[in-house]
Every structure is written in structure tokens, then in C-alpha cells.
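Please study the sequence and the structure shown below before attempting the exercises. Each exercise is followed by a worked solution.

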Amino acid sequence: MSKILRVNMSDRTAVYEDVPEKYKLLGGRGLTSTMISDEVDPTCHPLGPNNKLVFAPGIVTGTTAPTSGRVSVGGKSPLTGGIKEANAGTGWSQLVGRLGVKAIVVEGSPKESEWWGLHVTKNGAEFFPAGDYVGKGLSEIFPDLFERFGEKVGIAAIGVAGEHRMGMAGVCFDDIDNRPSRYAGRGGLGAVMGSKGLKLIVVDGAGAPGVEIANKELFDQGRKKLANALRSHDLTKPGGALNSYGTAVLVNVINEAGAFPTRNFREGRFEDAAKISGETMAEYCKTRGGVGTMGHPCHPGCIIQCSNVIPNPDGTEMASCIEYETTWALGANCGIGDLDVVGKLTAMCNDIGLDTIEAGDVIAVAMEAGLAEFGDGDAAIGLLEEVRKGTPLGRILGQGTGAAAKVLGVVRSPDVKGQGMPAYEPRAIKGIGMTYAISTMGADHTSGYTIAPEILACGGDLDQFDVDKADVVRNFQYATAFIDTSGHCLFIAFAILDIVDGFEGLVEECSGVLGTNWTMDDVGRIGKEILDRELAFNRAAGFTKADDRIPEFMKYEKLPPHNVVWDVPDETLDAVFRA
Ligand code: SF4
């Protein structure tokens, strides 16, 4: 029988509750967004005692479903002021699911400035003082924690960025090698965890009963269908594009499309794109050897295995993982075409506890403000050191793209609702721009990855410049909310968009676990229900249509090489969810 673990940081209690009927068919984002909508006042201060932080494994997380070790982390975002779900792939989530814990809800805040850890086992949850881990890098404290609690536990933690309550602080989880590298990065949820005085949650799955599966036959049928689809699609199969080159296989593709934001979204092509691409990462692994690995899984049971460990020239570890968004944010967006520098910056972000997208956007905004030259890697490292030390400048940068741009007087701030844009230029790919504009999460490509049909000819083949995409944008957001609820990595979308059997398998897996009779038709309904709750929360928090807009400079500044501006009519944006 699964339970909800409620952790109150005001009186330091941790109690298990029965799962209310209304939450029984939910998991992942569906559960975090519903609980936040039900329990959090949308007008509360995100860092105050009335905000909550919810950790929820997906519906199938902890089972043998392929590529399903995701955890959703939800709360009111200090970065956007709206509802937030950020998710990560990690064994931590699989352990939580196997312990029969449907969600961990963290609420209240300590009266004194103090730091605590939480140790969750099959016997219950206990607090322990965590002051000794404060002020240190995550790469220093993770080995200590694994030595103390055992190699097989999972760890969720915040770095010094979360301790300083920064808007670009993520929540960090262990990867398959117990590295602090998998992030629920976006929206500053690490700052919410910091505001609760909760430094880390250690989960021990020893003796866990496992995930209850109501209809094993149906679950197995779905699991096989999805696994077959993942193993046969060119993007997701072993030896396929993502497995061989990681998500950074997109660098050359998006650059070629003229949509690779460069030097704070001034250009759509970067002359040094190839030097920071997935192909170059694979070359580093091959020629430098040592620990270098492409095709690395972030958690057990992933078929796609798009992660990587990038080596230094001497074969020691430089960084893991350098994703597409990371190499873009810390590379092209800052004008840096040196993968070794990108690797150093990535390792720093992982150590400090930062969202790499927001970090790259903020560094570029600082460069725009004249604090450093575009392309100056040493200066970029220096700016991240300011963040690590929590200097006044570091604190300003740490508050994220929109906030830092305001303080620094930068007009060209590439953010929506305060959150920095990811690695696709809205002026050159209209559907993803629409997604950034209307997402409940601020500028977020994972809200609805329309890049699949707009650039990759996956699940359709759309003209990147066509502005008539309201239906596509809406449906991608609904389907994505379902995938985020299921507990699967969003990258399964490539396979299930093209292989119907795989899509059916996804639904059957979920129905198998829950004992429902869902069909593919239910995916849109369930996704819509989740989006409707998130939209209602944001409206109650004070958001209006005026917040669903792309930054003004993109309307009058032409983006080379296509010399395009943002020209999607506001009415089109407003119509997406009206339908
Ligand atoms: S596809 Fe990549 S990001 Fe997704 S779960 Fe697998 S390794 Fe992690």
C-alpha cells in the first residue's frame, strides 16, 4: 500500500499518510502539480513557510519499465512566481518508488537558521543534523554521504546555491555512478529546499517491497512494446544518434537550421559550433580515453543512454553530463567555442548546485552588460566563482536571467516569466517559441518539444518558420504532461511519436500498474487536466496574457542568418489554451 511522506520542517516531524483517492491515479508531474494546486496558496512567497516542495516518482518509476527513473519536483517557483515542475533521471527516484512512497511533501520552515538531512528507509524517516555539509561543494559531500549511508542509497541535495536561496538553484540527484550530476534544474526549486533548511534526503531502498502492479500481464505487454520501439527508432536505439553522441548531437543540426542562439541570442549560428558538439565529445572519449564514456545511462534501466562522462586530456573526469542545453548555454550563448572550458563550467555548476541553462543565460547577460567579453572563458569561470562565494554580484547573478538583467540594465534579456530561454531560437523556430511563451513553467523546451516535428521530422514534418501551430503546441504540451506523469524520460517521445505500438505500450504500462483501462485517447485528457490545474494556479498567482509573451527585442531585432523576427501574433498565443 503506497503512502505519502509528509515532512514538516517547522516542528521537524515526518509522518506517513494514506494516499487520498484523488491522488491514486497520479504520479510525477501530475501529482506534484495537483498537490501544489491543492495545498499551496498561489500568492504565497515562494521562499516562505507556506510554499511546499513535492518530490514524486512517476507512475511506473521503480518498475522494470524502460527509461523510467524520473522524479518530478514541484513547488511555487522563486524564479517565475508560478507553478513549477522540474524533473531528473536518477536511481533515487526508483528507490522512493520501490519503498511505496508516492510523494515526499516538504512543508513549513525552521524557526532558527539550521540545516537538516532526512534519512528514509523501509522502517521510516529520521532527521539528522546536516550543518557539516553546508558551504561545501556537492562533489565533496556526495562521497562522504555514500561512505556514511552505503553505496546503494540515493541522494537528493542542494548545493551552496540552494543554501543562498538563488533563483537558479536546482535540486541535485545522484547518477548511476553516485555522481552529483542529475538535476531537477529549472525554476529555483533548490532555493525552496534551502528555505526549508533541508540540505539533503538520503533514501535507502534495502528491503523495499517494490511497486505494486495491479495487472502484471498488461504491464509486461506495454513494457515490451515500448522497449521494442526504443530499440528500433534511429534516435533512441542502442548505437543510435542519442546513444552515440548524446543530446549534443543536436548542436550541428540546430546550428545548421540557423536557430542556435549565439552570444546572448544575437545570432542563430555559431562559428565554433562543431567544437562543442556531441561529435567532438565522442572524439574526446575516443582519443583521450580514461573515464570518457558516451552512451552512459543516468539511472539503471535506461535503454537510450544519452548521458556521457567527458574526459580531460589526461583521461581523468572533466564533467558529466554535458548535455545539448549545457554545451549551448555555457558555450555558444557565451561565445565560448572550447569544450574544455564548457566542461569546467559544467563541473562548477554541478558542484555549486546550479541549473546549467539558467547559468549560461545569466553569464551571457552579464557579458551583454559589459562585465566580461563574449568568448572569455576565464571571465565566465570568474563569474561562477562569484556565485559560489555568494558575493553581492554572485547573489545578483544567482537570481537568474530576468532578475539579473533588470539589475544590470540589460534590455536584451532572453527570458519568459523570469526564466532564461533554452537552446532554440524562438525567432527561427516558431513552435518552440510559442511553447516558451505560454508554458506554465516560463521559457521551457521540455513543456512541449515541438523541435521533433519542426526540425527532426519526427512525429510530422513542419516548416520551422510557420506560425500557424497552435494545435501542435497545445497537443505537445498535453502529451508531455502525461509522459512527465508516467515517470518516463521525455526522450521516449521520439520513438512513440513515430511508432504507434510504442505509444500504446506507454499507456498499457501505466494502466498495468494502476489497474485502469486507459487508452491512447486518455493521454490528451489527462494531460489537459494537469495543464488546466497549472494554468489555474498561475492565474491565481497573478499571471495574465501579458506574461505569455516573447521578449520585445525579438520583435524588432532581426536574427541572422535568416534575418527573422518574432512574428507570431499575440492572438495565436492566446488561442492555444482557449481551445
Ligand atoms: S535518455 Fe538520457 S536523460 Fe533520459 S533517462 Fe536515459 S540517460 Fe537519462
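The exercises below treat the ligand shell, one loop residue and several salt bridges.

This is a predicted model, in which local features need pLDDT of at least 70, side-chain atom pairs count only at pLDDT 80 or more, and totals for chains, interfaces and linings use all residues. Residues are numbered from 1 along each chain as its sequence is written, and side-chain values use heavy atoms, with hydrogens and water left out.

**Exercise 1.** State how many residues surround the ligand and how they divide by class.

*Solution.* Step one: a residue is near a molecule if one of its heavy atoms lies within 4 Å of it. Step two: 13 residues surround the ligand, and the closest are Cys-298, His-299, Cys-302, Cys-306 and Cys-489. Step three: the shell has six nonpolar, five polar and two charged residues. Here Ala, Val, Leu, Ile, Met, Phe, Trp, Tyr, Cys and Pro count as nonpolar, Asp, Glu, Lys and Arg as charged, and the others, Gly among them, as polar.

**Exercise 2.** Locate Gly-515 and determine its exposure class.

*Solution.* Step one: Gly-515 is in the loop between α20 (500–514) and α21 (521–541). Helices are DSSP runs (H or I, at least four residues), numbered from the N terminus. Step two: Gly-515 has a relative accessible area of 48% and is therefore partly exposed, since buried means under 20%, exposed over 50%, and partly exposed in between (1.4 Å probe, protein chains only). Step three: Gly-515 and Arg-263 are 252 residues apart in sequence and 51 Å apart in space, C-alpha to C-alpha.

**Exercise 3.** Describe the salt bridge of Arg-263 and the exposure of both partners.

*Solution.* Step one: a salt bridge is a side-chain nitrogen of Lys or Arg within 4 Å of a carboxyl oxygen of Asp or Glu. Step two: the side chains of Arg-263 and Glu-267 form one at 3.1 Å, N to O. Step three: Arg-263 is buried at 16% relative accessibility, whereas Glu-267 is partly exposed at 22%.

**Exercise 4.** Explain which parts the salt bridge between Asp-570 and Arg-549 ties together.

*Solution.* Step one: the side chains of Asp-570 and Arg-549 meet at 3.4 Å, N to O. Step two: Asp-570 lies in helix α23 (residues 570–578) and Arg-549 in the loop between α21 and α22 (553–556), so the pair ties together parts that are 21 residues apart in sequence. Step three: Asp-570 is partly exposed at 28%, while Arg-549 is buried at 18%.

Key:
Helix = DSSP H or I, 4+ residues; strand = E, 2+ residues; numbered from the N terminus.
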